[in-house]
Amino acid sequence: MSDPNPYATDGDPNGAYQWGPVPGYGYPQQPTLPGAPMPYTGPPAGFAGAPLMSVGDITVMPDAIVTPSGTMPLKGAVWTVTDMSRTEERMPTAAVVLAVVFFIFCLLGLLFLLMKEKVTTGYVQVTVTSGGRHHSTVVPALGPQTLHMVMGQINYARSLSA
């Protein structure tokens, strides 16, 4: 046991053990109070910012627009929305069947002919042009509110592009 103690405090002639962490290893160099916020230094090197929004396959980052056809600058981008959806109101097949079946038993079966359903078909097309590039995507219309949802997102993207 003539070897010196590797865990001894520096300069201790008795070779006593040092308890606690070694200063300067894995800990901040400046002492901080418990619960005190650390200053934000930004994202780690090599990491991009978080996406702000996405419409279809178009993703808007804090400084760029990422599409399958390439990355475009966000500043000065031109956004276009085209509504290619339609909403129809029609009588469902079940209403006709129930009206015929209940017409035989009582005349109240004709009230089933008053049943209506709204069906939305089509899509909303979103186009972005920036930095000499152009990309277009479509969002399926799931209801009459789809256009309003997409327009809200595109208005936000327009405010970021200005």
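Two strands pair if DSSP finds at least two bridges between them. Strands (E, at least two residues) and helices (H or I, at least four) are DSSP runs, numbered from the N terminus. Keep those in mind for what follows.

A word on the source. This is a predicted model, where local features need pLDDT of at least 70, side-chain atom pairs count only at pLDDT 80 or more, and totals for chains, interfaces and linings use all residues. Residues are numbered from 1 along each chain as its sequence is written, and side-chain values use heavy atoms, with hydrogens and water left out.

Now the overview. The chain has 2 helices and 7 strands. In sequence order they read β-β-β-β-β-α-β-β-α. How many of the strands sit in each sheet? One open sheet has 4 strands, in the order β1-β2-β3-β4, and its pairing is antiparallel. The other open sheet has 3, in the order β5-β6-β7, again with antiparallel pairing.

Start with the sheet of 4 strands. Its order is β1-β2-β3-β4. At the edges are β1 (53–55) and β4, each pairing on one side only. The twist averages 20 degrees from one strand to the next; angles run from 0 to 180 degrees between N-to-C directions, with axes fitted to C-alpha atoms, for helices over the stretch in contact. β1 joins β2 (residues 58–60) through 3 bridges. Met53 stands opposite Val60 in β2.

Next, β3 (residues 64–67) and β4. They pair antiparallel over 4 bridges. A hairpin of 2 residues joins them. Val66 has Thr71 as its bridge partner in β4. Look along β4, residues 70–73. Which side chains there are buried (under 20% relative accessible area, with exposed over 50% and partly exposed in between, 1.4 Å probe, protein chains only)? Gly70 and Met72 are, and they point to one face. Thr71 and Pro73 point to the other and are not buried.

On to the sheet of 3 strands, β5-β6-β7. Its edge strands are β5 (78–90) and β7 (133–140). Here the twist averages 10 degrees from one strand to the next. β6 (residues 117–130) and β7 share 8 bridges and run antiparallel. Tyr123 stands opposite Pro140 in β7.

Where does helix α2 lie? Helix α2, residues 146–161, lies across β5, β6 and β7, at about 170 degrees to β5.

Last, the whole chain. Of its 162 residues, 22% count as buried. Take contacts (heavy atoms within 4.5 Å). Among those between residues at least 6 apart in sequence, 54% join residues at least 24 apart.
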